[in-house]
Amino acid sequence: MLAKRIIPCLDVKDGRVVKGTNFTGLRDVEDPVALAERYGACGADELVFYDITASAEGRKLFTDILRRVAERLFIPLTVGGGINSLDDFDAVLKCGADKVSVNSGAVKDPSLIKAAAKKYGDQCVVLSMDVKRVSGRYEVFAKGGRERTGIEAGAWARFGEEHGAGEIVLNSIDTDGVKGGFDIEMLADVTGGLHIPVVASGGAGCIKDFVELFKNTDADAGLGASVFHFGTVGIAELKRELKRNGTEVRL
Amino acid sequence: MIAVVDYGVGNLFSLASSLKALGLESVVTADRKIVEKCDRVILPGVGAFPDAMAKLEGAGLKDFLVAQAAEKPFLGICLGMQMLFDRSFEYGETRGLGLVEGEIAPLAGAARGLKIPHMGWNSLHFTKQDELFKYNKEGDYVYFVHSFYATGCESSLTAVTDYGVRVTAAVRSGKVFGTQFHPEKSGAAGLKMLKAFSEVV
């Protein structure tokens, strides 16, 4: 049976992990390489590295780090942030990324999804979408959730699937940072009819939130950032608890 | 020395890093003279079957690798495993290397309601004892990413996984091994297999 995946997401700026972490025994909790190794060892099923740097120098630091992480990490690595062209895909794939996550770049140029899928394979292209409720419907937001696009989320997800995205990450702006649980309602509504894997993001605050996610939706994976970094939830403990609740996980 | 065949598809960085982490010497190359000198060969691969076969042929490696596979331990990974077979039906019919009997068919037609690609961690059931898995145990999880799978290969089958349909996870025929999953992305379980491959005589 395919296991449900638990995915920590690391935001990297100018070569450092931005959100604080609570790992004991690490001298430098902002060092992405040390953190990645730690996550790999404690049972994370995949890691996401998100580049939130804006400058060219920051970008260079990011790809250097990717290479060092990929050298020591033997689980899948997804990279996102600032992916706007096939050249951007190329740059991070060469540094050891397995999958590339596009968000605003695909909103700006929807043909990027198909072009990337054709060149690197469907499995490589992750369509990440930031979604918020606006007057009774689900709308896609761009630029890190700051800009309305007018695009209906379900239609955008289906467009992604039809054009070769191999996976969808649905990040609910409404529940993100609230720590009150994943947006089960939005997940069902936006990704219900898809035939590609779905990663739920936004809202995880405790172990129970992951248990509820897998009990109540068809999501294939749960993604979290601060919930893992601050040590609120330990990955090994989370997976044991999921297994106790009848969810298939890799232990 | 392990030759990792570089014919212009896929990310070979992880594989080379895995071998390095195990303390194994490897060389990523398309040079036949170098491959000849190595005592074992890994054929990786990501992407579409016809394109990969065309690239292998274009690099003058197709017949050469078939000959190499008769001489030394040879491991195909993911698309590299699929290329070991007689033929594939991905984007029309394409002939493979013919080192393992069977063919590559779409997962989509195998059962209803499957999410495609089959992507993520799935557990192995060993159908036969095989030295590639001498350090692994039944039920070990490994990482899969694929939309096509091998069929008609009962005699060479060594491991399967359950994805609503029984999916060929690993095969072996003589010195030729193949894994549909990525050992280099499968954490400790995968590293054990690469180590075992380096010890095959």
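Biologist: In which sense do strand β4 (residues 74–77) of chain B and strand β14 (residues 176–179) of chain B pair?

Modeller: This is a predicted model, in which local features need pLDDT of at least 70, side-chain atom pairs count only at pLDDT 80 or more, and totals for chains, interfaces and linings use all residues. Residues are numbered from 1 along each chain as its sequence is written, while chains are lettered from A and ligands numbered from 1 in the order in which they are written. Strands are DSSP runs of E with at least two residues, helices are runs of H or I with at least four, both numbered from the N terminus, and two strands pair if DSSP finds at least two bridges between them. Between β4(B) and β14(B) there are four bridges, with B:F74 bridged to B:V176, and the sense of the pairing is parallel.

Biologist: Which strands stand at the edges of the open sheet in chain B?

Modeller: The eight strands of this sheet follow the order β2-β1-β3-β4-β14-β13-β12-β9, with mixed pairing. A strand at the edge has a single partner strand, so one of its sides is left without a neighbour in the sheet, and in chain B this applies to β2 (26–29) and β9 (125–126).

Biologist: Why are the buried residues of helix α3 of chain A on the same side?

Modeller: A residue is buried if 20 or more other C-beta atoms, placed from the backbone, lie within 10 Å of its own, exposed if 12 or fewer do, and partly exposed in between. In α3(A), residues 86–94, the buried ones are A:D88, A:F89, A:V92 and A:L93. They are on the same side because the arc that they cover around the axis, taken from the directions from the helix axis to the C-beta atoms, is only 125 degrees.

Biologist: Which residues are exposed on the other side of α10(A)?

Modeller: Helix α10 of chain A spans residues 235–244, and its buried residues are A:L238, A:K239 and A:L242. These cover an arc of only 95 degrees, which puts them on the same side of the helix. On the other side, the exposed residues are A:E237 and A:R244.

Biologist: How many residues of chain B are in contact with chain A?

Modeller: Two residues are in contact if their C-beta atoms, placed from the backbone, lie within 7 Å. By that criterion, 24 residues of chain A take part, and the number in chain B is 26.

Biologist: What is the average pLDDT of chain B?

Modeller: pLDDT is the predictor's confidence in each residue, from 0 to 100. In chain B, 100% of the residues score at least 70, and the average is 94.
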